Amino acid sequence: MNPSRNVPDEFVFLPIGGVGEIGMNLALYGMGPSKARQWIAVDFGVSFAGPDLPGVDLVLPDIRYLEEQKERLLGIVITHAHEDHFGALLDLWPRLRVPVYASAFTAGLLQAKRASYPGSPPIPIQIVTAGDRINLGPFEVEFVAVAHSILEPMALAIRTSLGTVVHTGDWKLDPEPVLGWTTDAQRFAAIGDEGVLALVCDSTNAMREGRSPSESDVARELEALVGEATGRVAFTSFASNVARIRSIAMAAQAHDRQVVIVGRALRRAIEVATELGYMEGVPPFLDEEAYGYLPRSKVVAIFTGSQGESRAALARIAEDEHKFIGLSPGDIVVFSARAIPGNEKAIGAIINALVDQGVQVITDRDRLVHVSGHPRRDELAEMYGWVRPEIAIPVHGEPMHLVAHAALAREMGVGQVLDVEDGALIRLAPGPAQEIDEVLCDRLYKDGIIVADLEGVGVPERRKLSFAGHVAVSVILDGNGSLMLDPDIALTGLPLQGVSWHPFEETVMSAVLGTIESIPRARRRDSELLREAIRRAVRAAVREAWGKKPLCTVFVAVV
């Protein structure tokens with residue numbers, strides 16, 4: 001940050017993640033002079049690694065700037081319990097140790113997740129609900145009920161002496177949400193009447209016309225589908241979508257079927273929802289061990305793995321590798337979830353494996369088995385009509401979504417529409433909103449139980465390995481520089497032979513022996529010189545025979 005800036009009473013917005021991308025949401029709001037600014041953080045999300053990040057489990061926001069400011073960080077406010085909004089807490093909260101404010105359902109899911117994180121510290125959560133207001137230094141935060149595809153989502157009205165920001169989080173308009181809240185139009189309109197400085201709003205479906213269908217429409221379709229089936233019916237959905245799970249359970253009950261739950265994440269969400277009273281009237285769920293004892297016509301199953309995750313239940317079932325669960329020709333698998341961008345290939349592979357087994361696969365392209373939890377254009381227009389902000393800041397979307405949202409905001413008569421990126425420090429007030437500085441926004445990567453930057457988790461080397469393999473060479477020399485044993489060679493990920501049909505083991509061995517012979521005996525005792533000469537020779541020999549240079553590790557011992 002620029003230390004010369006010291007304008008008193010500035011209200012600023014700083015997205016660390018979630019702008020220009022869908023996922024990894026983390027927004028900061030600051031109040032006060034630049035040298036003594038107080039902050040609150042909204043959401044602490046993750047995104048998921050693609051094939052370009054081999055071995056990486058999760059992508060997290062780099063919070064180094066927040067760590068520098070942690071003495072003035074007043075708290076973290078979580079809008080809802082989707083992974084892209086709260087999934088980084090368990091890994092990153094220990095670096096900050098500030099109060100966290102979240103709903104009872106969000107807190108319950110977080111505590112349940114800790115069972116999978118050995119050694120993770122408990123995170124004290126201060127429970128809030130729609131209608132509550134909390135004071136954090138110069139901020140008053142009001143929680144406003146919205147509808148979404150998870151329980152207890154809340155938008156925020158963040159009030160300061162310089163104006164109010166409405167931060168929507170994820171939301172939609174749904175008059176019949178099956179479970180949970182509807183979006184509180186009356187409250188948004190009342191906040192709009194007070195005067196709203198800026199609306200920071202979800203852009204996910206800003207390119208889609210009209211309105212999102214209701215969750216109740218899906219419930220009716222799922223019941224019809226179960227009623228038509230003669231064999232087993234299996235559903236896969238986001239584990240956190242408790243309303244969908246309830247709809248499936250009620251559809252099964254209506255047609256005298258029992259529901260088998262397969263997957264820890266599903267069981268975890270159901271347990272938390274049950275504790276909070278959201279599963280009243282739903283028949284008991286069965287564990288996976290019961291699956292094989294039920295007649296096919298009496299089974300409804302719910303599996304984890306809607307995004308093609310290789311370790312989830314559905315992937316193992318599709319490959320016929322699950323201990324308790326199998327499918328037969330005539331059974332139906334329903335993908336009651338959308339594909340997160342980047343997961344299409346993995347999902348397609350599972351669908352193909354199921355089809356090969358004779359299983360019928362139904363997706364939202366075939367029937368109304370899923371609806372989005374995000375607002376389409378008519379819903380966005382209603383929000384702008386209620387709130388009437390001076391400034392619009394589209395977030396939670398890729399560039400094409402943000403541009404479409406910005407165009408809609410201008411159509412709705414918003415005076416200032418900001419095009420922001422992660423790391424842009426935006427002064428909302430006083431004066432016209434504008435970018436006044438830039439903060440480095442990088443990424444952290446979770447690999448197993450390690451969280452580090454790209455180099456720290458070894459991704460660059462893994463990429464090279466996946467492209468050209470690895471050669472390991474071990475050489476032992478005596479004090480005179482003579483070989484005591486034949487060199488040991490191990491090839492990983494190389495073809496068996498080169499273009500001349502010569503085995504690569506022989507190609508590498510010739511390069512190693514030739515290099516050793518080319519170096520005078522006295523100089524061979526310089527292990528570093530010999531190591532580098534062998535490494536270069538091996539890579540050159542393989543490149544000549546293959547066209548690619550592998551990674552090469554050489555061990556030299558002089559005894």
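Student: What makes strand 16 count as mostly covered in this predicted model?

Tutor: In strand 16, 5 of its 5 residues are buried. The term buried means under 20% relative accessible area.

Student: How do you know that both faces of strand 16 are covered?

Tutor: Look at the residues on each side. Val299, Ala301 and Phe303 lie on one side, Val300 and Ile302 on the other, and all are buried.

Student: Why is strand 14 said to pair with strand 16?

Tutor: Pairing needs at least two bridges. Strand 14 and strand 16 are joined by 4 bridges and run parallel, so they meet the definition. Val233 stands opposite Val300 in strand 16.

Student: How do you know that strand 15 pairs with strand 16 as well?

Tutor: By the bridge count again: strand 15 and strand 16 have 5 bridges in the parallel sense. In this case Ile261 stands opposite Ile302 in strand 16.

Student: What makes strand 17 and strand 18 a pair?

Tutor: Strand 17, residues 332-335, shares 3 bridges with strand 18, also in the parallel sense. The bridge partner of Val333 is Val361 in strand 18.

Student: What is the strand order in the open sheet, and why are strand 15 and strand 18 called edges?

Tutor: The sheet has 5 strands in the order 15-16-14-17-18, with parallel pairing. Strand 15 (258-262) and strand 18 (360-362) each have a single partner strand, so one side of each is without a neighbour in the sheet. Neighbouring strands are turned by 20° against each other on average, direction ignored.

Student: How do you know that helix 6 packs on the sheet?

Tutor: Contact requires heavy atoms within 4.5 Å. Helix 6, residues 215-228, touches strand 14 (233-236), strand 16 (299-303), strand 17 and strand 18. The direction of helix 6 makes about 150° with that of strand 14.

Student: Which strands does helix 8 lie across?

Tutor: Helix 8, residues 264-275, lies across strand 15 and strand 16, at about 120° to strand 15.

Student: Why is a space called a cavity, and how many are there?

Tutor: A 1.4 Å probe fits inside but cannot get out. The whole structure has 3 cavities of 30 Å³ or more, and the largest has a volume of about 120 Å³.

Student: What makes up the lining of the largest cavity?

Tutor: It is lined by 18 residues, and the closest to its centre are Asn25, Ala27, His167, Val395 and His396. Strand 1 gives the largest share of that lining, 3 residues. By class, the lining has 7 nonpolar, 8 polar and 3 charged residues.

Methods: Residues numbered from 1 in each chain as written. Predicted model: local features only at pLDDT ≥ 70, side-chain atom pairs only at ≥ 80, totals over all residues. Heavy atoms only, no water. Helix = DSSP H or I, 4+ residues; strand = E, 2+ residues; numbered from the N terminus. Axes fitted to C-alpha atoms, helices over the stretch in contact; angles between N-to-C directions. 1 Å grid on protein atoms, 1.4 Å probe; cavity = no way out; pocket = protein on both sides within 12 Å on 5 of 7 lines; lining within 4 Å. Points joined across faces, edges and corners; volume = space filled by probe spheres on them. Nonpolar A, V, L, I, M, F, W, Y, C, P; charged D, E, K, R; others polar. Buried < 20%, exposed > 50% of the residue type's maximum accessible area, 1.4 Å probe, protein only.
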